[in-house]
Amino acid sequence: MTPAPAADSVASRTPEDTLEAGARLAARDPGCRAFYLEGDLGAGKTVFAKGLARHYGVDPRQVTSPTFALVSRYGEGARPVYHLDLYRIERPEELRELGIEEMEEEDAVVIVEWPERLGPYLRADATRVRLFREADGARRIEILAGVEGR
């Protein structure tokens, strides 16, 4: 078994801190094609996604949780950005209709909330981000380089 990659840990006291952490991560690796955001409901995944998208030229105010639509596409930036929220996905077969293969054919950035539901579509080269709510309301953000350690 491959050991889990070491995590960078970032503290976030405000939503603005969380957004900035997302923007910094995207700036650190601008060629990244997939970001997997893990965490409980309310952990800050969508706020972090706003920061990632901002780095690619998307207005963060446009980025909302696509829980009911499942996929949002933001194309006005430097690269197309797809934001997937798979919370409501029950079986990997449901993902075929979302067009994940087509997203990967573009030079797009794919941000996925609830990536554990991707099944066969999991990318080994994705950057994993885990968000945790702390007792005082702050967030702890762990950034891992890849999913091989799963």
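**Helix α2 and its surroundings**

In helix α2, the buried residues are K45, T46, F48, A49, K50, G51, L52 and A53. The model in question is a predicted one. That buried set amounts to eight of the eleven residues of α2, so the helix is largely enclosed by the rest of the structure. As for what does the enclosing, the buried residues of α2 pack against helix α1 and a run of strands, namely β2, β4 (81-85), β5, β6 and β7. Just past the end of α2 comes G57, with a positive phi of about 90°.

Next, the pairing of the two helices. The axes of α1 (residues 15-28) and α2 (residues 45-55) come within 7 Å and cross at roughly 45°, which makes α1 oblique to α2. The crossing is right-handed. On the α1 side, the contact is made by P15, T18, L19, E20, A21, G22, A23, L25, A26 and A27, while α2 brings V47, F48, K50, G51, L52, R54 and H55. Sorted by character, the residues of this contact come out as ten nonpolar, four polar and three charged.

Helix α1 itself holds no surprises in its length: at 1.5 Å a residue, its 14 residues should span 20 Å, and the end C-alpha atoms are indeed 20 Å apart. Buried in α1 are T18, L19, A21, G22, A23, L25 and A26. These buried residues pack against α2, and also against strands β1 (8-12), β2, β6 (127-133) and β7 (139-145).

Strand β2 (residues 34-38) contributes F35, and with a relative accessibility of 0% F35 counts as buried. Beyond its neighbours within four places in sequence, F35 touches L25 and A26, L52 and Y56, the stretch V109, V110, I111 and V112, and finally T127. Of these partners, L52 belongs to the buried residues of α2, and L25 and A26 to those of α1. F35 and L52 sit 17 residues apart in sequence, with their C-alpha atoms 8.7 Å apart in space.

One last backbone detail concerns W114, in the loop between β5 (109-113) and β6. Most residues other than glycine have a negative phi. W114, however, has a positive phi, near 65°. Its side of the story on exposure is simple enough: W114 counts as buried, because its relative accessibility is 12%, under the 20% cut-off.

Notes:
Residues are numbered from 1 along each chain as its sequence is written. This is a predicted model: local features need pLDDT of at least 70, side-chain atom pairs count only at pLDDT 80 or more; totals for chains, interfaces and linings use all residues. Side-chain values use heavy atoms; hydrogens and water are left out. Axes are lines fitted to C-alpha atoms, for helices over the stretch in contact, and angles run from 0 to 180 degrees between N-to-C directions. Helices (H or I, at least four residues) and strands (E, at least two) are DSSP runs, numbered from the N terminus. Angles under 35 degrees count as roughly parallel, over 145 as roughly antiparallel, 65 to 115 as roughly perpendicular and the rest as oblique. A crossing is left-handed if the near helix is turned anticlockwise from the far one by less than a right angle, and right-handed if clockwise. Contact means heavy atoms within 4.5 Å. Ala, Val, Leu, Ile, Met, Phe, Trp, Tyr, Cys and Pro count as nonpolar, Asp, Glu, Lys and Arg as charged, and the others, Gly among them, as polar. Buried means under 20% relative accessible area, exposed over 50%, partly exposed in between (1.4 Å probe, protein chains only). The expected span of a helix is 1.5 Å times one less than its number of residues.
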